[in-house]
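Here is a small set of exercises to work through with the model open beside you. Try each task first, then compare your steps with the solution.

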Amino acid sequence: MRLALDLSLLVVLLLLVAVAQAAPPRLTLTRDGQAACTIVLSSHPTRAAQFAAYELQWHLHQITGADVPIVAEGEAVGGVPVYVGESHFTRRLGLWNRKFGQQEYAIRFLPDALILAGKDDPDYGKVEYSQLPSPEAVGTWPDMWKPMGTMYAVYDFLERCCNVRWFNPAEFGADIPRSPTLVVSGSDVTRKPFFRYRYACYLPSEQYDRFTVLQPRSEEEWKAYDALAYPEVTKLAGDWWRWIHAKRGFVQLFRYRMRDGGELTPGNHSLYGYYDRFWEPNPQNPELFEGQHKDWFAQGYEGRPPQMCYTNRGLIEQVAKDAREFFDTGKKYPGSQAAGDFFCVEPMDNAAFCKCDECQQLIAATRSDEGEGNFTCGRDGDYFFHFVNEVAREVRKTHPDKWIVTLAYMTHAYPPRTFQLEPNVAVQYCFACNRLPYATQQYENELRALAAWAKQADERPMYLWLYYTFPVEIAVNGNFHAFPGYFAHKIGEQMKLFARYGFRGMFHCGYGQEVEAYITYKLMDDPSLDVDALLDEYFTRYYGPAAEPLKRMYLDIEAAYCDPANYEQPAMHQNVDIAWGRLGTPERMARYQQWVEEAKRLAQTEPYRQRVALFDLATWQYMKAGADQYHARATAPIPAMSAPAVTDSGGDPARVAWDQAAELPGGFHVRGGDKPSPRPLAGRIAHDNTHLYLELTDPCDTSKLVVSAGVYPFDTWELFVAAQRGRPYRQFAVGPTGTVAATTNGEGGGGSNVELLDHGIVAISDTSVPDRWVVRLAIPLRSLHQDGARVGEKVYLNVVRVSSPAVNGTGGLDIDAWVPYSTVHVPERLAEVTLD
């Protein structure tokens, strides 16, 4: 009996010991606002470890008010040692820099010490650290594309064990709990961000807010937003150099903390630099010209070709030579896309491919109908991937451990059908509709293409190009305000799908808005996180007492934006009618107004009042202005006129008695509004019972006109014509050389931009006068719409001038339209023209 009791007591004692050993240590880092720990760096620390130590020190001060010292290993330590980065101490425990995997890090709780370390780049340069960064300091900070595992360890520790959250880069964008005494505990962690490639903002960091803030930078609300979000930075505005670096540094700190970066895998259109190197010398950069090889470029086009000849052996060898030179020396030619072990091969951003016999035979023999009728399809995939394979084979002969990366994009978005990609080819799939889940036809097609590529994830590195740029980019181009494209729950679905499919990471074309940015950052690190929990965290901790009405508003906008029933199918992008006629309806806007007012009433203390004010400036004022502009547009008159009959001209614009034609009344307008165009554009119109004639005049410098081989996208006159206002409609475009492009949109229930071949249009482009471009058109009445127009009937049309940056001097494309409050592809506002 005594023996049984002794054994029972021993078992209990052993269990108590086991429980005690299993309980994580509790480490006191500060006590009553005084340091109870010391941050310990190696005597020769990496740049990443130094930066991580400074970040930990700053955050501990914000949490507790304590000034925690940083010392080198071997110096006196007070309290708990917190080892940041590799050191003699960590190596004794097996935590070596060289033993960590890429981007891997560890958090270790010992009975009397804490370790925060990870894989770091062997860069030991000295770091200068400041929360209001100087130009000199920012230049010493780590490269986010180099290993910085120790920084990841510190940020994970601050989130996991200190309950810190960073919601945006504003000076009050973090939620940092305050307590003079900080006791931490937790389980040991060894991990790395789930996705290896996490590229959120391709612009310089100081321009990050261009993506997350809806207001255009030209608006006063933007300036007010910037001043409120960055008050200390704004004080430096008189010194541009210091101001820009302070803003850059503030945002860069946020990007580090959200683990932006990782395995850089650049993928983009990579051959534009070949024009300056091998087509003709560029007067602005004549030193780039290496010699003329016009046979390397697409054949069968006037002027500068839109593409290369992807069956040309000389071109294949030159691209392979450029790749080898990059891998050997790091040299990148202008326009090339390369980093680390990756060299990109991607055509120009169009599908106007070479018309030489060899290319056309290959295109015809391998043409695919996968995804037909959608932006994302496989029509030319085998043709272009054949070229990628040829380059990859050449490079593999000398660099078998390197990668050729290409995009799966537009007409080469599906995997090739007639062959396999070479084993040294990596692919970045362009999920163009990832933010357009309401466009069911396009979205489901792109999910099919995504699944097709996922089957190759075990064979090659697979990445993503995501289009967070929509709908804002479309609105900017159309000069209207977008209804916000909130889609947090779809982000959660997509990230889990990407993880399951084995994709390694993603590039974002555009980013934001702020909720989307936060959700995406968190899910790039861990896609298993629950989106609803993240939304609760965001609104509760960021807006405090104002959380409930603003979260209701977010979810209401998200539901409206993502619902296919709110769009005419097949859908694609927003236009002003969708934005404020179908989505931002008066009923919804009235609800939102109430919720914003409720949030302002509830947010009476800082920082919540400031944060609600930022939302008001960045989002709500933008939405109100968009709705107001739309309603002004709805009441704006649409031109109505008669096209007079003139003497039979036989379809020849040169024979028209233009003095008998009618002027297009009202002049031209800046796209999307009623502001007069900066140049006095003009037009005249007439018919002769068989043809419609137009004379269009732009008093511009004709030496600056840019010719596009496919007519679009640069200098064009464009007509949008229909039998009624709305779809279906036709688009006719003519460039400076008189080349015509004609497409249909929605005819026979079909898609958009369907080429119209038998249009019979005659165009004469006159650029002989230095300061005036004149285009004269003869369009058969039968070609104006699918039923053909007849004399005495009405047709509906708009005339648009798209001008290149060289002509307009703004740095981007400009669009001017005859009909006010319109732009390209706005059939709802076509003018009424009666054929007398």
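The exercises below go from the whole chain to single residues.

A word on conventions: this is a predicted model, in which local features need pLDDT of at least 70, side-chain atom pairs count only at pLDDT 80 or more, and totals for chains, interfaces and linings use all residues. Residues are numbered from 1 along each chain as its sequence is written, and side-chain values use heavy atoms, with hydrogens and water left out.

**Exercise 1. The whole chain**

Task: Work out how the radius of gyration of the protein agrees with that of a compact globule.

Solution:
- Start with the rule: the radius of gyration is taken over C-alpha atoms, and the globule rule is 2.2 Å times the number of residues to the power 0.38.
- For 836 residues, a compact globule would come out near 28 Å; the protein has 31 Å, which agrees.
- Next, the outline: along the principal axes, the C-alpha atoms fill a box of roughly 120 × 70 × 65 Å.
- Then count the elements: the protein has 23 helices and 33 strands. Helices (H or I, at least four residues) and strands (E, at least two) are DSSP runs, numbered from the N terminus.
- Finally, look at burial: 58% of the 836 residues count as buried. Buried means under 20% relative accessible area, exposed over 50%, and partly exposed in between (1.4 Å probe, protein chains only).

**Exercise 2. Helix α11**

Task: Describe the span of helix α11, its ends and its packing partners.

Solution:
- Helix α11 covers residues 313-329, 17 residues in total, and reaches 24 Å from its first C-alpha to its last.
- The expected span is 1.5 Å times one less than the number of residues; for α11 the span is close to the 24 Å expected.
- At the N-terminal end, Asn-312 acts as the cap, with a side-chain oxygen 2.8 Å from the backbone nitrogen of Gly-314. A polar contact is a pair of N or O atoms within 3.5 Å; within protein, one must be able to donate a hydrogen and the other to accept it, and residues adjacent in sequence count only if both atoms are side-chain atoms.
- After the helix comes Gly-330, whose phi is positive, near 85°.
- The buried residues of α11 include Leu-315, Ile-316, Val-319, Phe-326 and Phe-327, along with Asp-322 and Arg-324.
- Those buried residues pack against α10 (274-279), β14 (338-339), β15 (342-344), α13 (381-398) and β16 (403-408). Contact means heavy atoms within 4.5 Å.

**Exercise 3. Aromatic pairs**

Task: Find how Phe-385 and Trp-453 pair, and which parts the pair ties together.

Solution:
- Rings of Phe, Tyr and Trp (its six-membered ring) pair if their centres lie within 6.5 Å; planes under 30 degrees apart count as stacked, over 60 as edge-to-face and the rest as tilted.
- The whole structure holds 67 aromatic pairs. One of them is Tyr-272 with Tyr-275, tilted at 35° between the planes and 6.4 Å centre to centre.
- Tyr-272 is partly exposed at 36% relative accessible area, while Tyr-275 is buried at 4%.
- Now the pair in the task: Phe-385 and Trp-453 are edge-to-face, with 80° between the planes and 5.8 Å centre to centre.
- Phe-385 lies in helix α13 and Trp-453 in helix α14 (residues 440-454), so the pair ties together parts that are 68 residues apart in sequence.
- Phe-385 is buried at 0% relative accessible area, and Trp-453 is buried at 0% as well.

**Exercise 4. Two serines**

Task: For Ser-270 and Ser-649, locate each residue and list its surroundings.

Solution:
- Ser-270 sits in the loop between β13 (261-262) and α10, and is buried at 5% relative accessible area.
- The side chain of Ser-270 reaches the backbone oxygen of Cys-344 at 3.3 Å.
- Setting aside residues up to four places away in sequence, Ser-270 touches Gly-335, Ser-336, Gln-337, Cys-344, Val-345 and Glu-346.
- Ser-649 is found in the loop between β20 (640-643) and β21 (662-663), and is buried at 1%.
- A polar atom of the Ser-649 side chain lies 3.0 Å from the backbone oxygen of Thr-647.
- Beyond four places in sequence, Ser-649 touches Arg-655, Val-656, Asp-688 and Tyr-693.
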